[in-house]
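Please examine the sequence and the structure shown here before reading on. The explanation is meant to be followed with both in view.

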Protein chains: 4
Amino acid sequence: MIIELKSSVSEARAQELAQQAKAFCIHYDGRWTLITSSSLKALDPSFESETERFTVLADDIQLASRVWKKETRTITLPNGIALGGSTGNTILIGGPCSVESEEQIEQSAQLMVELGVSTLRAGAYKPRTSPYTFQGMGLDGLKLLAKMREKYGLNVITEVRDATHIEEIIEHSDIIQIGAKSMYDHGILKRCGKTQKPVLLKRGFGTTLQEFVQCAEFILSGGNPNVILCERGLRTFETKTRFTLDLCGAAWMKEYTNLPIILDPSHAIGYAYGVPDLARACCAMGVDGLLIEVHPNPKVAKSDASQQLNHDEFRALAGSLKAVAQAVGKRIA
Amino acid sequence: MIIELKSSVSEARAQELAQQAKAFCIHYDGRWTLITSSSLKALDPSFESETERFTVLADDIQLASRVWKKETRTITLPNGIALGGSTGNTILIGGPCSVESEEQIEQSAQLMVELGVSTLRAGAYKPRTSPYTFQGMGLDGLKLLAKMREKYGLNVITEVRDATHIEEIIEHSDIIQIGAKSMYDHGILKRCGKTQKPVLLKRGFGTTLQEFVQCAEFILSGGNPNVILCERGLRTFETKTRFTLDLCGAAWMKEYTNLPIILDPSHAIGYAYGVPDLARACCAMGVDGLLIEVHPNPKVAKSDASQQLNHDEFRALAGSLKAVAQAVGKRIA
Amino acid sequence: MIIELKSSVSEARAQELAQQAKAFCIHYDGRWTLITSSSLKALDPSFESETERFTVLADDIQLASRVWKKETRTITLPNGIALGGSTGNTILIGGPCSVESEEQIEQSAQLMVELGVSTLRAGAYKPRTSPYTFQGMGLDGLKLLAKMREKYGLNVITEVRDATHIEEIIEHSDIIQIGAKSMYDHGILKRCGKTQKPVLLKRGFGTTLQEFVQCAEFILSGGNPNVILCERGLRTFETKTRFTLDLCGAAWMKEYTNLPIILDPSHAIGYAYGVPDLARACCAMGVDGLLIEVHPNPKVAKSDASQQLNHDEFRALAGSLKAVAQAVGKRIA
Amino acid sequence: MIIELKSSVSEARAQELAQQAKAFCIHYDGRWTLITSSSLKALDPSFESETERFTVLADDIQLASRVWKKETRTITLPNGIALGGSTGNTILIGGPCSVESEEQIEQSAQLMVELGVSTLRAGAYKPRTSPYTFQGMGLDGLKLLAKMREKYGLNVITEVRDATHIEEIIEHSDIIQIGAKSMYDHGILKRCGKTQKPVLLKRGFGTTLQEFVQCAEFILSGGNPNVILCERGLRTFETKTRFTLDLCGAAWMKEYTNLPIILDPSHAIGYAYGVPDLARACCAMGVDGLLIEVHPNPKVAKSDASQQLNHDEFRALAGSLKAVAQAVGKRIA
């Protein structure tokens, strides 16, 4: 149950009531709001006089539910671009899988600037499956990303791998990316609830929609309203492609949650040949953003070489996305 | 291996060579063509003088492979509409899950005519999961479909459930649909190889792309070149939607096979709310066709009630598909 | 709903009542029994005087449900061996993937006789994934199997691939095997409902338990009470093994259905190295039978070469199974 | 590649060589050993004089591979019980899902003592899917577990949820459990490589065997040889049971890795009714241990109520496991 207290209720009083109801207490949309377990179905009468509105939810998808809040949340990024709400924007996020060198990430940043793309992505802490391969540049990579932000005015998004370096990520990025393998990490989720920076939460490849949105609830109930859901492919029996992009799931999220949605076709298929068609399909879904991997020279990339577009392919794709976005009443930003 | 014989080679001689090579023998593109197992890697020298060209394939995807035939096949439907090849067409196929009555199927037919949609779909033999529910109208349903074809000049597509009524389906339909649950049925596949009617082969929900295209090879090697691949959703762990539409797989088919592709978002998600967004996504993939379920009154439908659009929803969707098709250089037909 | 009529009700009267209730009508355990859709929750009062007992089921798992019939069905095979019920038997079924020659199948038959194994398996119509490989010996293979039955007194089980040769299979086998790829085939299922021969129904690798048992209902509601469920592995994302044997599903079937259960570890893992351990695990589940592939010379087998045990491996396994069966209160037969 | 240096090579020299080869350097079986990427296929000649033996592995499963080390590793627990190697032991680990109170966990401990079970399990940091439910007792729970160890001489195993409390887990447990949702956590994996305490690594429900064993390599290459693999069920399309226990995968691990294997039937099926049969099946696989959930009063359990056995059910199961273990040449410890 979500209990929106009257705007006259003070923080101290809200905390008191939260303790009484064993509830989370967040400040949202100008008022203190309590969230209890969804198993609570009736408002305690002693709360009535201080409650503006309360909403009973069917399950523990509460703050993310359209039943509680109908409109998609609007999230504004540091460089002024917004997504969600009534913005009509489909944000394009491009960049390489990993930061590999200053030269490489600067070429990527310049491509984004050239194409008017607002946001640069790249990983510094890579969640590799093997200990015997490139693990990312770590803090040095984060500093290069921050440098690109300063120099080119781009938003920067990068992934947190585990809770041991979450502070570094919060410090050096504009959007915190929680990767598919880290999305259950309570250490990360709870810390992200204590910042106001936007968080892009990727769905695990073995994660149900219910579990996925419940992970977002860990951040939302911690007090950070700026969560973006990202679908990036499920692990299925099909192995000709690396994963199976779940656009049925994206349709479900759009129907039932109030969080902006970004789709990642690059990680889903895992092969560059299919990325343009898939990216256009994602765009035609009318979602809030796209995450596309692009590398100055994919063949020598230190990770995910097979799925990154080269610069010319990305230029061609960015052009065609504008037409598709327009056909469904959206605008690439 | 695919061995294209010289155009001077007679049918009798081709059959003789086929027997010698333990090969299938089909007449394709004006010449006799032999197909042996892909494990054969070198041409028997005694075949050389009568062979125009031979192609060694890596696995038993042979006649369907772009390695052998680069361009997508063109398939022309009875009412003159063509798909694949250089037609630029994205065929829209609409209609109810099942034929339920003459009145109902006629309303569906009229909607297709109103919107300029070329092809009407509906099932007569339903592969239901329970013996205790509606099983389809059978032959009576087929006759109603044939009547609609006569009256309205629509192509008609309907599903064969098992080999016992394959002759009826061939007689009464313009496109033979092999459903997801019947796609391994050798009785059906082999019979479909002996007709020239177009066959829409649906991918099983537990079927790999490799197996799927190999099922198409059963039809192609039988002598029928007119096979269309249809992706309609995989069975995954996600149950908020009925199935998971595999657009990564569609991208693979487009890259590696020479067969036209039709996508079925209705069966994939299983809920009407998501069908318009998904259909637009499918259209933006640049595929050859879309299969959409629409019913005059979905609430009372005898099967798949939850996923069928009503007529107004279908009208709105058909309009928006034109814009998306245009944005990717295609035309709704 | 299952309506068991009084034993005084004649067949003619039962058929009349069935028509009135739009119900299936079968003769089971000495009385006529009607089965309607499970959506019917209350008995029509006009049926009361002729009804002995009626059972409302939650869904369309009806005749297979333990709610209706508590005890596992007993099925007696032609050579007198029985499984299910209170027999305590775990039937061992062995033999090659395919009949390849008289010499080969006779060696297999002799191994079964040597080890006191009651039932010989082998395929004649193989549901291969490629048209370009060995498709089975067909009717010639069936005749060789029948010859082994005559000569050695073994039960013979073989697979039906599609409805076009179901009569041949019924004629030449003691247990009709419906394979994983054919289990939705209404032509086969309905025909099997009209015989009394035992039917071993394999679960499709993409089939839910609900759907699987509902397929059994097609046979049971047709009038054949002798259905055995066989789990042989699901298709999952794991590809180091061919399939994933679902023993959780086997536990569910044992708890909720009244049908005997046979497990097939050979097809599940697809590699001989794991078959003995898995077969012992299956045996320890306390199920009614095991299906194990064994070939005189697996290396040259024309199908499924990697998963077949050789004769010595099978001898060793058969010995160890006796000990495991005894540990769980069962007996290998 | 794994390079075992001569026993005469000092630590300082080994570290020098490791740096030169960009290799991990661990002390294993009495000698310094370097591990490079598996892409290195030939030994640098300058290493030859100091190298005892080197092994080229096909992929990044290296230290865990039977190609390198044939025998299963032996791991000795604090109370003297050992598993793996030639011990013949199948360790039984029992206990509730969560520590809920001193009274509850003491009842569990006493049951283990009564039955001669060596190891007690219970969670203190629970990786719940919802923020609005019981999250575990945290450090207080760990202290209760440690108290049971002191009082009853049991080994204690408990789960680390994320990297923020890994030090607490290492301090208070005898076996560190890395749960299915945390198994990709580099913060945890790398820290576990720096202790010598046994680590039970659970396979993620969406994790391939290749990825799973590679996660173990993170710990092994850090210098901790005491890793146990635990299979606890995959997430598949089947939802009648919570997960699908992958015994085919267990057979693969047994064949190809040198790590002891423990199976967890309780989490796999998620329902108590099936746990005894499944546990016996697991035992018949001849693995090194079983993890079974048991609660003094499952109905009131604060987490996973449906899958925990009660004390009487556990007693009956423990008895029958002895017979099955004996049938396959193992002993319950």
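The paragraphs below go from domains and sheets to single loop residues and then to the contacts between chains.

This is a predicted model, in which local features need pLDDT of at least 70 and side-chain atom pairs count only at pLDDT 80 or more, whereas totals for chains, interfaces and linings use all residues. Residues are numbered from 1 along each chain as its sequence is written, and chains are lettered from A and ligands numbered from 1 in the order in which they are written.

Chain A offers a starting point. It is divided into domain 1, residues 2-55, and domain 2, residues 74-332; such bounds come from an automatic or database domain assignment. Between the C-alpha centres of domain 1 and domain 2 of chain A there is a distance of 34 Å.

The strands of chain B come next. Helices (H or I, at least four residues) and strands (E, at least two) are DSSP runs, numbered from the N terminus, and two strands pair if DSSP finds at least two bridges between them. In chain B, four strands in the order β2-β3-β1-β4 make up an open sheet with antiparallel pairing. Its edge strands are β2 (24-28) and β4 (51-55) of chain B, each of which pairs on one side only. From one strand to the next the twist averages 20°; axes are lines fitted to C-alpha atoms, for helices over the stretch in contact, and angles run from 0 to 180 degrees between N-to-C directions. Within this sheet, β1 (residues 2-5) and β3 (residues 31-35) of chain B are joined in the antiparallel sense by three bridges, and B:Ile3 has B:Leu34 in β3(B) as its bridge partner. Helix α1 (residues 11-21) of chain B packs on the sheet and touches β1, β2 and β3 of chain B, its direction making about 10° with that of β3(B). Contact here requires that the C-beta atoms of two residues, placed from the backbone, lie within 7 Å.

Chain D also has an open antiparallel sheet of four strands, in the order β2-β3-β1-β4. Because β2 (24-28) and β4 (51-55) of chain D stand at the edges, each with a single partner strand, one side of each is left without a neighbour in the sheet.

Another strand of chain D, β14 (residues 289-293), is mostly covered, with five of its five residues buried. A residue is buried if 20 or more other C-beta atoms lie within 10 Å of its own, exposed if 12 or fewer, and partly exposed in between, with C-beta atoms placed from the backbone. On one side of β14(D), D:Gly289, D:Leu291 and D:Glu293 are buried, and on the other D:Leu290 and D:Ile292 are buried. Strand β7 (residues 89-95) of chain D runs parallel to β14(D) and is joined to it by five bridges; D:Ile91 stands opposite D:Gly289. Strand β13 (residues 261-263) of chain D also pairs with β14(D) in the parallel sense, over two bridges, and D:Leu263 has D:Leu290 as its bridge partner.

Two loop residues deserve attention for their backbone angles. A:Asp29, in the loop between β2 (24-28) and β3 (31-35) of chain A, has a phi near 55°, a positive value in a residue other than glycine. A:Asp29 counts as exposed, with 10 C-beta neighbours inside 10 Å. D:Lys22 lies in the loop between α1 (11-20) and β2 of chain D, and its phi, near 50°, is likewise positive in a residue other than glycine. D:Lys22 is exposed, with 11 other C-beta atoms within 10 Å.

The contacts between chains remain. The contact of chain B with chain A takes 37 residues from each chain. On the side of chain B that touches chain A, at least two residues each come from α6 (209-222), α7 (247-256), α8 (265-269), α9 (275-284) and α10 (311-327) of chain B. That side divides into 22 nonpolar, eight polar and seven charged residues; Ala, Val, Leu, Ile, Met, Phe, Trp, Tyr, Cys and Pro count as nonpolar, Asp, Glu, Lys and Arg as charged, and the others, Gly among them, as polar.

A turn of 180° with a shift of 0.0 Å along the axis lays chain B on chain A with an RMSD of 0.0 Å, so the two copies are related as by a two-fold rotation axis. Copies are superposed by least squares on the C-alpha atoms of residues with pLDDT of at least 70 in both.
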